[in-house]
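User: Could you take a close look at one helix for me, and tell me how it fits in with its surroundings? I am new to this, so please explain the terms as you go.

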Amino acid sequence: MRFRKHTAVTLLAATTAMTACTSPARFEPDNTTTNANSGAFMGGLMGAMIGLAGGDNAGERRAGAVKGAVLGAITGGVIGTQLDAQAAALEADMGNSAVMIENTGESLIVTLPQDILFATDSTSIRSDLQSDLTVLAANLQQYPNSTVQIIGHTDNVGSAAYNEDLSLRRANSVSNVLAAHGVLISRISTLGLGESRPIDTNLTADGRAQNRRVEIVILPY
């Protein structure tokens, strides 16, 4: 019971520390501030939990949690700010309205519809669309402190096994283009999820087109 009380007090102190690091004063934050604050809050929370796990007594755990919260908030804020800058640069350089760029505050998710990358049942990237991946590769080199997950998705036309294999081969094709344009292969991992993660209905042509996509998840470290 005593440990729980100390834990609650420690988390309150940690939350206060994170709030001091992340809360803007007297103005409404824009998207950039919001993403940086989101990263700072999550970093601070993780730091507090790590701090709680250390130390031999309640006092050491409290001190560790507050210190971890502050350091985690600073690190998370830096990551959030980096993502804002990287997303802005990518949006400015890409110039393709079909490519979606989502900044979650913890990662960037670049979604490329497979229909603009590949012909039906093909894993060869169209030559006229490789420029988008060239821009992405340059951006990834400009911001090297990240890992890159390339995830292929399909609609539900065909067998599940075939779609899973096709989605992986297409993810690998994207990976090969990025590597050919200078992105270290050690930063890249690929995954094929086939038809298992639809974002729209598979009952219409438009819905199936939305589900056929490649997601490139950029995770800073």
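Analyst: Happy to! A helix has an expected span of 1.5 Å times one less than its number of residues; helices (H or I, at least four residues) and strands (E, at least two) are DSSP runs, numbered from the N terminus. This is a predicted model, in which local features need pLDDT of at least 70, side-chain atom pairs count only at pLDDT 80 or more, and totals for chains, interfaces and linings use all residues. Residues are numbered from 1 along each chain as its sequence is written, and side-chain values use heavy atoms, without hydrogens and water.

Let's look at H6, residues 160-180. Its 21 residues should span 30 Å at 1.5 Å a residue, which agrees with the model because the end C-alpha atoms of H6 are 30 Å apart. After the helix comes Gly182, with a positive phi near 105°.

What does H6 connect to? Together with E3 and E4, H6 makes a right-handed β-α-β unit (with the strands pointing away from the viewer, the path from the first strand over the helix to the second runs clockwise). The two strands, E3 (residues 146-153) and E4 (residues 188-192), pair in the parallel sense over five bridges; pairing takes at least two bridges found by DSSP. One example is Ile151, whose bridge partner in E4 is Leu191.

Buried residues of H6 (under 20% relative accessible area, with a 1.4 Å probe and protein chains only) include Asn163, Leu166, Arg170, Val174 and Leu178. The buried residues of H6 pack (heavy atoms within 4.5 Å) against E3 and E4, and also against helix H4 (114-117), helix H5 (130-142) and strand E5 (213-220).

Definitions and conventions
Buried means under 20% relative accessible area, exposed over 50%, partly exposed in between (1.4 Å probe, protein chains only).
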